[in-house]
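The following exercises are to be worked with the sequence and the model in view. Each task is followed by a solution in steps.

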Amino acid sequence: MRRITAAASVVIALGPVLLAGASTASAAGGSLTVTTLDRSGKPVYAQVAVYNTKTNDFRFIDSNKATSLPAGSYELVTSVVDARDEGATVGGRSVTVSGTTKTTFDARQGRAVKVSLSPNPGSGYDQTVSAYVCASDNGPASMGTSAPAGDLYVIPSSSKAYELSYGTTYQPRSATGGDFWVASATHTGGVPSGVSATLPQSRLTALKVSARSGPDSGQADFSFHYSSASGGSCSWGPNSLQFQRELPNSFTAHLPAGQWQVSQQGNDFVYGGFHGYAAGRTTSLTLGHAVWGPGGRLPNTWYKQLYPGSVNPFADPTLPDGGTLASGSVKLTHAGRTLYSHAYGPGQEIDGHPVLPGAGWYTLYESGRRGLPSGSLSTTASLSLTFYADPGRNQQIRDYITRFWPDALNSRNQAAPGSTTTVVLGMQRNGTDDSTIQQLSDGVKSVRAWYTADNGTTWHAAAAKLSGGTWTMAVHNPSSGRVGLRSTVTDTHGDSSTTTVYNAYAVG
């Protein structure tokens with residue numbers, strides 16, 4: 001007997017929806033009973049997604065009992081798991097509710113979904129197949145499941161109101177090593193009478209991931225989420241990959257070409273935006289590389305107010321969003337007076353939009369800290385921005401945020417004892433993604449840099465050198481311990497910024 005080891009239901013809502021129990025006063029009353037039978041013909045419980053195509057009333061209902069619904073046309077999808085967990089069946093159909101209405105999803109009508117990858121990844125993998133039935137009008141009725149190969153079925157439908165996305169995933173049995181494989185396809189214009197598909201590896205892209213430890217540690221959850229270029233919701237289901245690995249770790253995720261978002265969650269949580277990856281290409285991603293430090297969008301003025309921007313005190317260089325453990329404070333001063341002061345906790349935004357009294361020089365100071373296990377890196381960070389602002393104009397301030405990038409560290413973000421580490425000083429100046437906010441031109445006038453090996457008791461000056469458009473500093477590492485980094489950048493207009501990260505990388 002092979003048991004269903006992975007089952008999931010997904011409903012993606014697009015547009016306005018009413019949650020379960022919502023009412024539509026303008027429609028006459030009725031009832032719907034959806035009977036769900038497993039592959040032995042036995043009634044089993046299932047959740048059914050129900051969507052009124054006219055009123056946008058969307059809800060889940062329980063199978064095998066009557067549910068009151070307004071009269072109208074509905075799209076239904078469900079996933080039925082056999083009573084003994086020996087198989088799973090997905091199906092969709094449309095019904096018109098008028099008075100007492102009944103319909104049945106009979107898993108015995110299901111046809112096998114067989115999907116494989118060519119060339120086959122070989123032995124040492126657990127293979128699952130997945131199938132998602134969705135409304136072709138991109139309505140929210142979308143549901144699917146995953147099961148071991150040979151245990152998944154789909155109920156055919158000639159209705160062009162539905163489509164089927166299907167795929168296969170190969171995960172290594174080893175908890176410490178091995179690559180991951182995902183392949184998928186979509187059938188439009190109805191749900192076919194079963195699937196027997198061999199999908200080529202040539203359609204896949206490879207994300208070669210090196211996940212380091214230090215800024216984060218322990219067991220981490222890795223997630224890969226797909227975004228359809230056509231905007232269709234159905235292809236999202238089979239194109240999803242989640243697994244756990246102990247940090248540090250390296251692996252390659254072989255995925256269908258397209259837009260993917262990567263995230264990592266251990267003690268902290270970091271993620272990035274969607275990026276396009278082409279078929280047949282290999283892209284290297286280094287996650288958890290030192291240093292997690294201030295990164296993001298610079299502040300901007302907006303109708304006499306200052307918006308602090310999206311500065312994250314602990315941004316990963318590759319996955320710049322997240323850093324959810326951070327707590328700290330933000331303060332804005334002008335002419336010796338504090339205009340705004342705010343303390344924030346983990347998961348909270350750096351809030352507030354203080355009104356600026358007039359054109360002039362301002363200083364914005366932000367600090368953050370993370371509560372992490374002993375020996376962790378990037379535990380405390382700060383950013384001080386001194387800038388000229390004109391509250392009468394909607395524009396981003398001038399300034400730079402330093403991104404520290406130490407070279408030649410190992411998978412635990414350690415440098416060799418007594419070695420010299422070259423640290424790249426990246427000059428961040430990200431825009432606002434808002435065309436109504438002007439981004440002013442700027443240039444770097446000077447850069448100063450320091451490092452500490454005793455948690456800030458002593459700071460050692462390091463010459464900042466410019467070569468080929470890149471600023472670097474050289475750090476003479478101690479025999480053991482951790483190194484903190486600091487940089488002050490002055491631009492050609494007199495604005496300045498100081499970026500500091502304690503416990504930036506380790507030596508050992």
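**Exercise 1. Pairing around β31**

Task: Determine in which sense β30 and β31 pair, and over how many bridges.

Solution. Strands β30 and β31 are antiparallel partners, with 10 bridges between them. Two strands count as paired if DSSP finds at least two bridges between them; strands (E, at least two residues) and helices (H or I, at least four) are DSSP runs, numbered from the N terminus. The model is a predicted one, in which local features need pLDDT of at least 70 and side-chain atom pairs count only at pLDDT 80 or more, while totals for chains, interfaces and linings use all residues. Residues are numbered from 1 along each chain as its sequence is written, and side-chain values use heavy atoms, with hydrogens and water left out.

Next, locate a bridge: E366 has L383 in β31 as its bridge partner. Then turn to strand β42 (residues 496–507), which runs antiparallel to β31 and is joined to it by 7 bridges. Here T386 has S496 of β42 as its bridge partner.

**Exercise 2. Two aromatic pairs**

Task: Classify the ring pair F222 and F251 from its geometry, and then the pair Y362 and F387.

Solution. A pair of aromatic rings is described by the distance of the centres and the angle of the planes. Rings of Phe, Tyr and Trp (its six-membered ring) pair if their centres lie within 6.5 Å; planes under 30 degrees apart count as stacked, over 60 as edge-to-face and the rest as tilted. The structure holds 14 such pairs.

Step one: the ring centres of F222 and F251 are 5.2 Å apart and the planes stand at 70°, so this pair is edge-to-face. F222 belongs to strand β16 (residues 219–227) and F251 to strand β18 (residues 249–256), so the pair ties together parts 29 residues apart in sequence. Both F222 and F251 are buried, where buried means under 20% relative accessible area, exposed over 50%, and partly exposed in between (1.4 Å probe, protein chains only).

Step two: for Y362 and F387 the centres are 6.2 Å apart and the planes at 20°, so the pair is stacked. The pair links distant parts of the chain, with Y362 in strand β30 (residues 360–369) and F387 in strand β31 (residues 380–389), 25 residues apart. Y362 counts as buried because its relative accessibility is 0%; F387 is likewise buried at 0%.

Step three: F222 and F251 also belong to one aromatic cluster with F180, F224 and F243.

**Exercise 3. The surroundings of β15**

Task: Decide how far strand β15 (residues 204–211) is enclosed, and name a bridge partner of K208.

Solution. Of the 8 residues of β15, 6 are buried, so the strand is largely enclosed by the rest of the structure. β15 runs antiparallel to β18, to which 8 bridges join it; A211 stands opposite N249 in β18. With strand β22 (residues 282–287), β15 pairs in the parallel sense over 6 bridges. In β22, S284 is the bridge partner of K208.

**Exercise 4. Unusual backbone geometry**

Task: Identify the peptide bond between S118 and P119 as cis or trans, and state the sign of phi at A335.

Solution. Most residues other than glycine have a negative phi, and most peptide bonds are trans. The bond joining S118 and P119 is cis, with omega about -5°; P119 lies in the loop between β8 (111–118) and β9 (125–135). A further cis bond leads from L247 to P248, with omega near -5°, and P248 is in the loop between β17 (240–246) and β18.

A335 is not glycine, yet its phi is positive, near 55°. A335 is in the loop between β28 (327–334) and β29 (337–344) and counts as exposed because its relative accessibility is 72%. N455, also not a glycine, has a positive phi of about 60°. The loop between β37 (444–452) and β38 (460–462) holds N455, which is exposed at a relative accessible area of 53%.
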